[in-house]
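Trainee: I'd like a close look at one part of this model. Could you walk me through the packing in the interior and the pieces around it?

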Amino acid sequence: MPSSADTGPWVALQKEIESFVQGLSHPILVENDAQLFDLTAANWRLSVEFGKLILNVWNSGRSIARRVEDVAHCDHDRLGVYVRKPGGREASIVEFRESGSGEARARTAGRAAYRRQLLARLQHEYPGWKFQRVSNRSDREHSFSAWYTRGIATQGRTGWAFLGLSEEEAVAAADDVLAFALIWLDWLRSRTDRVVMTQLKLFLPPGAVATIAHRAAYLNPRALKVEIFAWRAGEASPSPVDLRDYGNVETRLAPRRQADLLIARHQARLRELLGDSGDVTVMPDPAGKSLSLRLAGLEVARIEGLTAPRVFFGLAESSRRLQESTHNDFRDFLREVRRVRRAGRPEPEHEYYRLQSERWLESLLLKDISRLDPALSPEYVYPQVPAFAAADRGVIDILATTRGARLAVVELKVQEEINLPLQGLDYWLRVKWLLNQGKFRESGYFPGRELSGQAPLLYLVSPAFRFHSTTERLLRYFDPGIQVVLVGINDSWREGVKVLFRREVGR
């Protein structure tokens, strides 16, 4: 157990945060400028566990866990703290705020100003059209976000939906914009009988255009027509984007041969570290310069370097170099992770148990991918495949093939995620480009296997009751050439993955 000297600073920080929150009339929790929880309606707890301060917040719909590291800033109605997500390498900031604080009022005012400017620009660009339902009010029941200004334009019985994004919004808002736009269009169609809406217009800051345009290029043109415009508030006419320039995402694939050579090079060191243990998985990094050692998906050690390799062990944010004097610590660490990170544990809040849940699920599926679908072949299954498109790095959860040699992209989520279909589409379109260019054979994937020329399958996998309510509605707008299979598994997947349903989504 940590000594009182070890835990003293964390207890002091815990009391500082709790005291601050208790002094707020209506506390909320904010991350990336988006409200995560109303703390008057959610459960939350700060606790010192194994020398770390852990924040847990949950309600009936979701839960989060963050490791709290320090105070970032504080004033009379908001307290920012540095935190790390489970398994995260980079610190971020969450804020405890008074609902309706000065910063929140400033953000509301900024969004109102953007809404007015967008509406004025639309009225100038589209004379004779009537603009209705123009709002950026949050509505969680219908999955409408305050990040975006949304509305409908009508002229007689003809109409189109629109959605605008200010460049002042968080990065996450740009990534999610197409999902929220489709949800808005779908909701309008379900409630507007007298107006025929076949179009969706998006007004985006230039930096958000490429990602969204690549996705929009794979929507079903028979279901809707998407038009994208690059526009910043205060600028003149929006610039139309030609979607014919998008859809083919030139992608670089990390060579597989280099990874295999790296594993072979460190075989002796791996045997020395792990002995005959078969529960630790060895994963090469994308650059082929280090190895990640994972136990049930959780990284417990890394081997870095080629000529004079160094070994580090422990969780990422507190790892130590393995030396003669720390060998016992390494063995004790592995023993404790093995004790905690297994099915049926009575300590679900322990960080060894809850960190990197998706990688834990991934590690179970790697043992036999045909658990998801008997059509999938267990012969070649690649986890965490890096696929680089320009400066953007994407990591495919699992890349596999069917028994008929058709590629399959498997995207995993263990928590509800509104953008899951569009994130899966990102990886699918990269894999399709790589397949069309013959890059898999060139990079050493699927040796001895002649891949089918058919477009890849896209599997979206989640605990059955964790799919967002909008998932299938979004998928109905995908191009019918994209074959999507939803796989719902049991909530207790750690005890063994069981498929509760598997169905191709009809469009």
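**A close look at the packing**

Mentor: Let's begin with Tyr 445, which is buried because its relative accessibility is 5%, under the 20% cut-off. Keep in mind throughout that this is a predicted model. Tyr 445 sits in the loop that runs between α11 (439–442) and β23 (457–463). If you skip the neighbours within four places in sequence, the contacts of Tyr 445 are Leu 253, Ala 254, Arg 256, Tyr 382, Val 385 and Phe 440.

One name there leads straight into the core: Phe 440. The largest nonpolar core has 74 residues, and those touching the most other members are Leu 202, Leu 204, Leu 224, Ile 228, Leu 399 and Phe 440. Helix α3 (residues 171–191) supplies the largest share of this core, with 12 residues. There is also a second, separate core, made of 48 residues, with Leu 262, Phe 313, Ala 408 and Leu 412 among them.

Don't picture Tyr 445 sitting beside Leu 202, though. The C-alpha atoms of Tyr 445 and Leu 202 are separated by 38 Å, and the two residues are 243 apart along the chain.

For a view from inside the largest core, take Ile 228. Again leaving out neighbours within four places in sequence, Ile 228 is in contact with Leu 202, Leu 204, Ile 212, Ala 213, Ala 216, Ser 239, Pro 240, Val 241 and Leu 243. Leu 202 and Leu 204 appear in that set, and both also belong to the group that touches the most other core members.

Now for the helices. Two packed helices are described by the angle between their axes and the distance between those axes. For α3 and helix α4 (residues 206–216), the angle is about 30° and the axes are 10 Å apart. The two helices therefore count as roughly parallel to each other, the cut-off being an angle under 35 degrees. The crossing of α3 past α4 is right-handed. On the α3 side, the contact is made by Ala 174, Asp 175, Val 177 and Leu 178, while α4 brings Ala 208, Ile 212, Arg 215 and Ala 216. Sorted by class, this contact of α3 with α4 has six nonpolar residues, two charged ones and no polar ones. Ile 212 and Ala 216 may ring a bell, as Ile 228 is in contact with both.

α4 has another partner, helix α10 (residues 420–436), and here the packing angle is about 85°, with the axes 10 Å apart. So α4 is roughly perpendicular to α10. From α4 the contact uses Thr 211, His 214 and Arg 215, and from α10 it uses Leu 422, Leu 425, Asp 426 and Leu 429. The class count for α4 with α10 is three nonpolar, two polar and two charged residues. Arg 215 takes part here and in the contact with α3 as well.

Next, a couple of backbone oddities to check in your viewer. Most residues other than glycine have a negative phi. Ala 296, in the loop between β16 (290–295) and β17 (298–304), has a positive phi of about 50°. Ala 296 is buried, at a relative accessible area of 16%. Ala 405 also has a positive phi, about 75°, without being a glycine. Ala 405 lies in the loop joining β21 (392–401) and β22 (407–412), and with a relative accessible area of 8% Ala 405 is buried.

Two more positions round out the picture. Phe 478 belongs to the loop between α12 (471–475) and β24 (483–489), and its relative accessible area of 0% makes Phe 478 buried. Phe 478 and Pro 221 are 257 residues apart in sequence, yet their C-alpha atoms are 8.9 Å apart in space. Arg 339, in helix α7 (residues 327–340), is partly exposed, with 33% relative accessibility. The C-alpha atoms of Arg 339 and Leu 451 are separated by 41 Å, with their positions 112 residues apart along the chain.

Note on methods: Residues numbered from 1 in each chain as written. Predicted model: local features only at pLDDT ≥ 70, side-chain atom pairs only at ≥ 80, totals over all residues. Heavy atoms only, no water. Core = buried A, V, L, I, M, F, W, Y, C linked by side-chain atoms within 4.5 Å. Buried < 20%, exposed > 50% of the residue type's maximum accessible area, 1.4 Å probe, protein only. Helix = DSSP H or I, 4+ residues; strand = E, 2+ residues; numbered from the N terminus. Contact = heavy atoms within 4.5 Å. Axes fitted to C-alpha atoms, helices over the stretch in contact; angles between N-to-C directions. Parallel < 35°, antiparallel > 145°, perpendicular 65-115°, else oblique. Left-handed = near helix turned anticlockwise from the far one by under 90°. Nonpolar A, V, L, I, M, F, W, Y, C, P; charged D, E, K, R; others polar.
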